[in-house]
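Here is a quick tour of a predicted model. Have the sequence and the 3D view open as you read.

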Amino acid sequence: MTGPSAADAGFAGLGLVPELLETLTALGYEEPTPIQCEAIPPLLQGRDLLGQAATGTGKTAAFALPLLQRIHDPARVGDDSRTPRALVLVPTRELAMQVSEALPRYGHRPFDTSVVPVYGGQAIQQQLRALRRGVDAIVATPGRAHDHIRRRSIDLSEVRFVVLDEPDEMLDMGFADDLEAILDALPSERQTALLSATMAPRVRA
């Protein structure tokens, strides 16, 4: 839990680098939401997180800002900067598109972050070309991510930051086996964040 002082200090009190603070100001962000106050500091510290907040309360920024700061930290970047260092799993193509647009928006000015959305219903050859060019982060639905893992078209060896956005929905949609296979394929040394609107027992598990 973060103290009242962090909320009172706005985004500047959460530990974000000045470049991200400048971007937030340019985007018109003034005060962090409760989930952002609670999630950003521990994620910046490298801790795993299980967070619950309703849709529309700023969950995307709550994980996106620390994700960007950590994957672009020179002390943590892998040798191959073209290899993805973050994976965000989402239940639907609509959310994949939304998050894949948000990450570069937050990370463009300081980091020039490259993101590839990976979801069903889009030509896989288009995704393969984008992945071969190299990316910082992948935003994917579980089924298509698992498909790429089977094809060996995604290199997960440098992934250090994993987000499950709305895992309750992904489980309701029958993605449990895909999620398990994806998590098994990831490096054991990683930071994991789960942000869910509801906290069913299987989400906690």
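## Strand 2 and its partners

Strand 2 and strand 5 (residues 161-165) are parallel partners, held together over four bridges. Within that pair, Leu89 sits opposite Leu164 of strand 5. Strand 2 also pairs with strand 4, again through four bridges and again parallel. Leu89 turns up here too, with Ala140 as its bridge partner in strand 4.

Which way do the side chains of strand 2 point, and are they buried or exposed? Ala86 and Val88 point one way, Leu87 and Leu89 point the other way, and all of them are buried.

## The whole sheet

Zooming out, the sheet is open and has six strands in the order 1-6-5-2-4-3, with parallel pairing. Which strands stand at the edges? That would be strand 1 (49-52) and strand 3 (115-118); each has a single partner strand, so one side of each is left without a neighbour in the sheet. From one strand to the next, the twist averages 15 degrees.

As for what does the pairing, a general reminder: strands of a sheet pair through backbone hydrogen bonds, either parallel or antiparallel.

At the strand 1 edge, the partner is strand 6 (residues 191-196), which runs parallel to strand 1 and is joined to it by four bridges. If you want a spot to click on, try Gln52, which stands opposite Ser196 in strand 6.

## A helix across the strands

Now look for helix 7, residues 142-151. This helix lies across strand 2 (86-89), strand 3 and strand 4 (137-140). Its direction relative to strand 3 is about 105 degrees.

## Two loop residues with positive phi

Two loop residues deserve a look for their backbone angles. Asp112 has phi near 50 degrees, a positive value in a residue other than glycine. Asp112 lies in the loop that links helix 5 (93-111) to strand 3.

Glu166 is another non-glycine residue with positive phi, here near 65 degrees. Its loop is the one between strand 5 and helix 8 (167-172).

Buried or exposed: where does each of the two fall? Asp112 has 54% relative accessibility, and the cut-off for exposed is over 50%, so Asp112 counts as exposed. Glu166 has 6% relative accessibility, which is under the 20% limit, so Glu166 counts as buried.

Key
Residues numbered from 1 in each chain as written. Predicted model: local features only at pLDDT ≥ 70, side-chain atom pairs only at ≥ 80, totals over all residues. Heavy atoms only, no water. Pairing = 2+ DSSP bridges. Axes fitted to C-alpha atoms, helices over the stretch in contact; angles between N-to-C directions. Contact = heavy atoms within 4.5 Å. Buried < 20%, exposed > 50% of the residue type's maximum accessible area, 1.4 Å probe, protein only.
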